[in-house]
Every structure is written in C-alpha cells, then in structure tokens.
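Me: Please pick one part of the structure below and look at it closely, then work outwards to whatever it touches. Give the cut-off behind each term as you go.

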Amino acid sequence: MDQIYKIADTLIRISPINPKIVTICKEYCVVSTHYAFEIKTSPSDIAFERCKSAREDEAEGHPVRQFSDAYLETLAVYRKIAEKMPEYDTVLFHGSCVAVDGVGYLFTAKSGTGKSTHTRLWRQLLGERAVMVNDDKPLIRMTDGGAIIYGTPWDGKHHLSANIAVPLKVVCILTRANENTIRPLTVSEAYPMLLQQVYRPMDPAAMAKTLSLVDRLAASVRLWKLGCNMEIEAAQVAYEAMKGSL
Amino acid sequence: MKLNKDFILHVSGGEAVLVPTGNAKFSGIVRGNKTLGAVLELLKEETTEEQIVTAMKTRFDAPEEIIARDVKKALDGLRKIGAVDE
C-alpha cells in the first residue's frame with residue numbers, strides 16, 4: 001500500500017496499515033522515485049488518536065464517540081504530516097476555503113459556528129466562479145510571493161475539496177449574528193484566533209517555526225471579521241467588502 | 001525555575017505571547033503586559049523568583065514590593081497552566 005503523494009507541492013511517501021488512506025488520497029498519488037519524507041503509522045498511533053478523541057469528547061461534555069481504526073489512522077497520518085510541514089514553510093489551518101476567480105478566501109471559526117454553511121452560500125451566490133479548495137483542513141504555504149493555499153484529502157464531513165493551489169488573499173473570522181456585518185481586523189485583533197486555528201506541533205522547534213509562519217501569514221493577507229446569519233445576503237455582504245479591498 | 005519546554009515565547013508586533021505546543025495540556029494563548037513579557041524572557045534561562053525581582057528592579061522604576069507582588073502574580077498564573085518547571 002506504500003505510495004507517494006504530492007500534497008501542498010511536497011512529495012510524501014505514506015505507508016499505512018489500512019487501505020482507507022490509499023482511497024482518500026488517490027487524487028494526490030504521483031509516480032516518483034524520490035520524496036521529501038515518509039509517514040509510517042503503527043497501532044500505537046491509532047491508539048493515541050482514539051485516546052485524544054475520547055479526551056476531547058469528555059472535555060466538551062459529549063458522549064465518547066467510537067471510531068474505526070481506519071478512520072483514526074487517517075487522523076494519525078495527517079497529524080504526522082502537519083508535524084513535518086513547518087520545515088517546508090507550510091502549516092495546517094482549520095477553516096473552510098473557497099476560491100473565487102482564482103483567489104482564495106479562508107473562513108475560520110470554532111467548530112460548529114458555520115464555516116461550511118457560509119462557503120456553501122458563496123457557491124450559491126457565485127455559481128461556478130466559486131470553487132471549494134478545502135472545507136476543513138487546508139494547508140497554507142508561505143512563499144516570498146505571499147501565501148498559497150492547497151486542497152488536501154482531509155476535507156471535512158462533506159468531503160469538499162479540490163487538488164488545487166491558489167493564492168490566499170483573505171482570512172475572515174466568522175461569528176454568528178442576526179444581522180450581516182463585516183469589518184477589517186488588525187493583525188493584533190486577529191492574532192489570537194489565528195494561533196487557535198493553526199495546527200500546533202508537539203515538537204517545540206516546529207511550534208516556533210509555526211509561529212513565525214503565522215506572523216508572515218497575518219502580514220500577507222487581508223484580515224476581516226464577519227458577523228453573519230445563514231441567508232444568501234451574508235455571502236453578498238462578505239464577498240463585496242472583501243473583493244473591494246483586494 | 002525555568003519555562004517549560006512545551007511553551008514557546010514569541011514576540012509578534014512588539015507584543016510577547018506564550019503559546020503551548022501540541023504536547024501541553026493547556027491549549028490557550030497567553031498575552032500579557034510588559035511585566036509578564038519581561039518575566040517570560042527571564043524564564044528562558046534557569047532562575048529564581050528573587051533573581052527575577054532583582055532583574056526587574058533594574059528595568060522598571062517602581063518600589064520593590066510592587067515589583068515583587070507583580071512578579072509573584074505572573075509566576076502564579078504561569079504555574080497554574082503548567083508553564084513553569086520548578
């Protein structure tokens with residue numbers, strides 16, 4: 001089952017236990033004789049994910065959900081990838097990213113706020129001009145020319161993503177509200193949320209690199225805060241304000 | 001005492017923030033005032049509460065008891081989140 005995949009322009013060899021990884025990553029599979037790094041999983045990695053998931057459920061007061069080894073292995077593989085990616089100037093970011101006319105707009109918020117709902121409204125509003133890059137966990141690479149956001153196989157419960165890369169120009173923090181309002185944020189205002197939503201590596205050196213990458217990200221995109229409801233007007237208000245600022 | 005290795009002190013836009021790695025039990029972000037920033041900077045190397053107070057006296061123009069009180073408050077907060085190894 002060992003295969004090489006090109007994820008965020010990085011060649012990664014993955015040697016999984018379960019075939020589910022091969023299935024979810026198939027669009028990213030490439031033929032290559034070399035690779036940047038290798039990911040191997042073991043039963044202890046799967047046990048770690050099961051334990052972590054149970055702890056998070058307990059912390060939030062939810063019943064502990066049961067997951068298959070195959071699903072938990074997909075989490076373990078992505079965690080290992082996210083731990084390595086800062087070496088390649090790349091971070092995993094929790095958010096829903098839609099590209100319009102080839103420009104990436106990333107919406108971030110805590111789980112359950114309505115990121116996916118909002119980007120669905122963008123697709124309703126803009127039709128084929130709006131393409132989902134990734135609905136849940138895109139990768140962002142910092143380059144001298146700015147931020148590039150990539151689709152990945154880890155794309156949320158609705159499996160919305162494409163194996164594409166677009167320049168990321170906007171990061172928007174989303175909150176629920178009765179009325180639709182939008183305003184620009186300073187880096188200082190947005191910074192705590194950016195740090196909450198980026199993957200935090202366990203390795204201190206990778207964490208320090210992640211912080212410098214978040215600084216570069218914050219300096220290279222427009223930052224917004226959107227208070228929104230679930231009407232199509234929310235997408236209109238957001239798109240018009242953001243597009244006008246680019 | 002010293003800053004725990006699972007907490008990274010980072011300065012962004014002139015402001016000190018303390019961010020835990022994925023290994024730390026604490027998952028928030030600490031943004032503090034100048035006192036906290038200075039205490040965190042000193043905690044990068046092995047030190048004591050007395051040494052921190054002495055170092056702070058040279059930086060801040062305030063009575064020693066005020067500095068000692070602020071340092072204790074900062075350290076207590078850091079201990080609560082597991083950011084200090086004694």
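Reply: What follows starts from one helix and moves outwards to the interface, the core and the domains.

The model is predicted, with local features requiring pLDDT of at least 70 and side-chain atom pairs counting only at pLDDT 80 or more, while totals for chains, interfaces and linings use all residues. Residues are numbered from 1 along each chain as its sequence is written, and chains are lettered from A and ligands numbered from 1 in the order in which they are written.

The part is helix 5 of chain A, residues 187–197. Helices (H or I, at least four residues) and strands (E, at least two) are DSSP runs, numbered from the N terminus. A:Ala190, A:Tyr191, A:Leu194, A:Leu195 and A:Gln197 are buried in helix 5 of chain A. A residue is buried when 20 or more other C-beta atoms lie within 10 Å of its own, exposed at 12 or fewer and partly exposed in between, with C-beta atoms placed from the backbone. Viewed down the axis of helix 5 of chain A, its buried residues fall within an arc of 155°, so they line one face of the helix. The arc is that of the directions from the helix axis to the C-beta atoms.

The cover over these buried residues comes from both chains. From chain A it includes strand 7 (103–108), strand 11 (165–176), helix 6 and strand 13 (222–228); from chain B it includes strand 2 (7–12) and strand 3 (15–20).

The contact between the chains involves 14 residues of chain A and 14 residues of chain B. Contact means that the C-beta atoms of two residues, placed from the backbone, lie within 7 Å. Helix 5 of chain A provides the largest share of the chain A side, six residues, and helix 6 (204–220) is also among the elements that supply at least two. By class, that side has ten nonpolar, two polar and two charged residues. Here Ala, Val, Leu, Ile, Met, Phe, Trp, Tyr, Cys and Pro count as nonpolar, Asp, Glu, Lys and Arg as charged, and the others, Gly among them, as polar.

The partner, chain B, has three helices and five strands, in the order β-β-β-β-α-α-α-β from the N terminus. Buried residues are 31% of its 86 residues.

Further out is the largest nonpolar core, with 92 residues. A nonpolar core is a set of buried Ala, Val, Leu, Ile, Met, Phe, Trp, Tyr and Cys residues joined through C-beta atoms within 7 Å. Those with the most contacts inside this core include A:Val98, A:Tyr105 and B:Val39. The core draws at least three residues from each of domain 1 (3–88) and domain 2 (90–245) of chain A; domain bounds come from an automatic or database domain assignment. Setting aside residues up to four places away in sequence, A:Val98 touches residues that include A:Tyr105, A:Trp122 and A:Val133.

Between the two domains of chain A, 13 residues of domain 1 are in contact with 19 residues of domain 2. Helix 3 (residues 69–84) of chain A gives the most to the domain 1 side, with three residues. That side has ten nonpolar, no polar and three charged residues.

A:Met142, in strand 9 (residues 139–143) of chain A, is buried because it has 22 C-beta neighbours inside 10 Å. Beyond four places in sequence, its contacts include A:Asp89, A:Leu213 and A:Leu217.
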